[in-house]
Amino acid sequence: MRQLRLQLTEPVGFVPTMGYLHEGHLSLVRRAKIDNPTAVVSIFVNPTQFGPREDFKAYPRDTERDLALLEKASTDVVFMPSPEEMYPPGCDSWVEVGEITKQLEGASRPNHFHGVTTVVAKLFNIVQPARAYFGQKDAQQVIVITKMVTDLNMGLEIVTLATVREPDGLAMSSRNTYLNPEERKAAGVLSQALSLAYELCSEGEMDASLIRRKMTELIRQQPLAEIDYVSIADAETLKELDTVNPPVLISLAVKIGRTRLIDNIML
Ligand code: AMP
């Protein structure tokens, strides 16, 4: 990759992914290709961002299909390192971002962001992009990576694009493939809860605990759903709010059967 990098036309736009691509990923690739003469996409299911009881082994993979989709989207380079190449024996340097990695996803998945920031920093060092593209779907990830880039003077631009959704509102995710038809229907409850929060805020409701309670009540009506968290937080500190005062991140993590899904809206 380093050798090939020397021959690429500047500037390079970069889209890191874990593969099993869908329209959400492809929207990032298309935008990278519009903004830059060269688009590099990585496919790497990063073992260090999965907890010991999480789905690293089961995570869906389909390289042939991914490559066909990326070719159609005019991707210039696809970087697919192996776990051994990214983490050779003895590799023991880590990138840690502070307080904001302890809330929300960080609270539920203790080592998750430690793995994310480390692999993204490594990928940035290898690919040396001028711009990197991330989805709003993983809102905390974008906030954490933007902070890492600023704090560590990485000197690239982070571009965030809107969440791409299925017709019923479900945010596209590689993990949606785990859902059986009944669960797939039930999964609509995540975006329904966010729409409810949006409506309440539009009507002038400012009481964050009331909005959290109404979202929780709606999700509890769905028997297949089990709430991990429902959050109304300051979009910069990610601390929970009493009063809705934009910029606000309304986010949730809900298990549908055995599949943990996340979604959010930014106000
Ligand atoms: P992943 O393969 O899940 O690591 O995701 C790779 C990138 O695609 C991340 O920046 C995600 O935020 C983004 N992404 C995933 N799902 C969506 C979606 N539904 N809409 C927009 N971006 C997404």
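Biologist: Let us begin with a loop: where is proline 247 found?

Modeller: Proline 247 belongs to the loop between β6 and β7. Helices (H or I, at least four residues) and strands (E, at least two) are DSSP runs, numbered from the N terminus. The model is predicted, so local features require pLDDT of at least 70 and side-chain atom pairs pLDDT 80 or more, while totals for chains, interfaces and linings use all residues. Numbering starts from 1 along each chain as its sequence is written, and side-chain values use heavy atoms, without hydrogens and water.

Biologist: What is the form of the peptide bond from proline 246 to proline 247?

Modeller: Most residues other than glycine have a negative phi, and most peptide bonds are trans. The bond from proline 246 to proline 247 is cis, with omega near 5°. The bond from glutamate 10 to proline 11 is likewise cis, with omega near -10°. Proline 11 sits in the loop between α1 (2–5) and β1.

Biologist: Which sign does the phi of serine 74 have?

Modeller: Serine 74 is a residue other than glycine with a positive phi, near 60°. The loop that holds serine 74 runs between α3 (63–72) and β3.

Biologist: How should one read the sheet that contains β6 and β7, and in what order do its strands lie?

Modeller: One reads the pairing first: two strands pair if DSSP finds at least two bridges between them. Here three strands form an open sheet in the order β6-β7-β8, paired in the antiparallel sense. At the edges are β6 (225–234) and β8 (259–266), each of which pairs on one side only. From one strand to the next, the twist averages 15°. Between β6 and strand β7 (residues 248–256) there are nine antiparallel bridges, and alanine 233 stands opposite leucine 249 in β7.

Biologist: Which helix lies across β6 and β7?

Modeller: Helix α10 (residues 208–220) does, running at about 160° to β6. Such angles run from 0 to 180 degrees between N-to-C directions of axes fitted to C-alpha atoms, for helices over the stretch in contact.

Biologist: What is the strand order in the sheet of five strands?

Modeller: This open sheet has the order β3-β2-β1-β4-β5, with parallel pairing. Its edge strands, β3 (77–79) and β5 (157–161), each pair on one side only. Its neighbouring strands are turned by 25° against each other on average, direction ignored. Six bridges join strand β1 (residues 12–17) to strand β2 (residues 38–43) in the parallel sense, and proline 16 faces serine 42 in β2.

Biologist: Which strands does helix α2 touch?

Modeller: Contact is counted for heavy atoms within 4.5 Å. Helix α2 (residues 23–35) packs on the sheet and touches β1, β2, β4 (131–135) and β5. The direction of α2 makes about 155° with that of β4. A further helix, α7 (residues 139–151), lies across β4 and β5 and runs at about 170° to β5.

Biologist: How many residues surround the ligand?

Modeller: The shell takes in each residue with a heavy atom within 4 Å. It holds 17 residues, of which the closest are Met18, His25, Asp138, Val164 and Met172. The elements that give two or more residues to this shell are β1, α2 and β4. The largest share, three residues, comes from α2.

Biologist: Which side-chain or backbone atoms lie 2.9 Å from an oxygen atom of the ligand?

Modeller: A polar contact is a pair of N or O atoms within 3.5 Å. For histidine 25, a polar side-chain atom lies 2.9 Å from a ligand oxygen atom. For methionine 18, a polar backbone atom is 2.9 Å from an oxygen atom of the ligand. Glycine 135 has a backbone N or O atom 3.0 Å from an oxygen atom of the ligand.

Key
A polar contact is a pair of N or O atoms within 3.5 Å; within protein, one must be able to donate a hydrogen and the other to accept it, and residues adjacent in sequence count only if both atoms are side-chain atoms.
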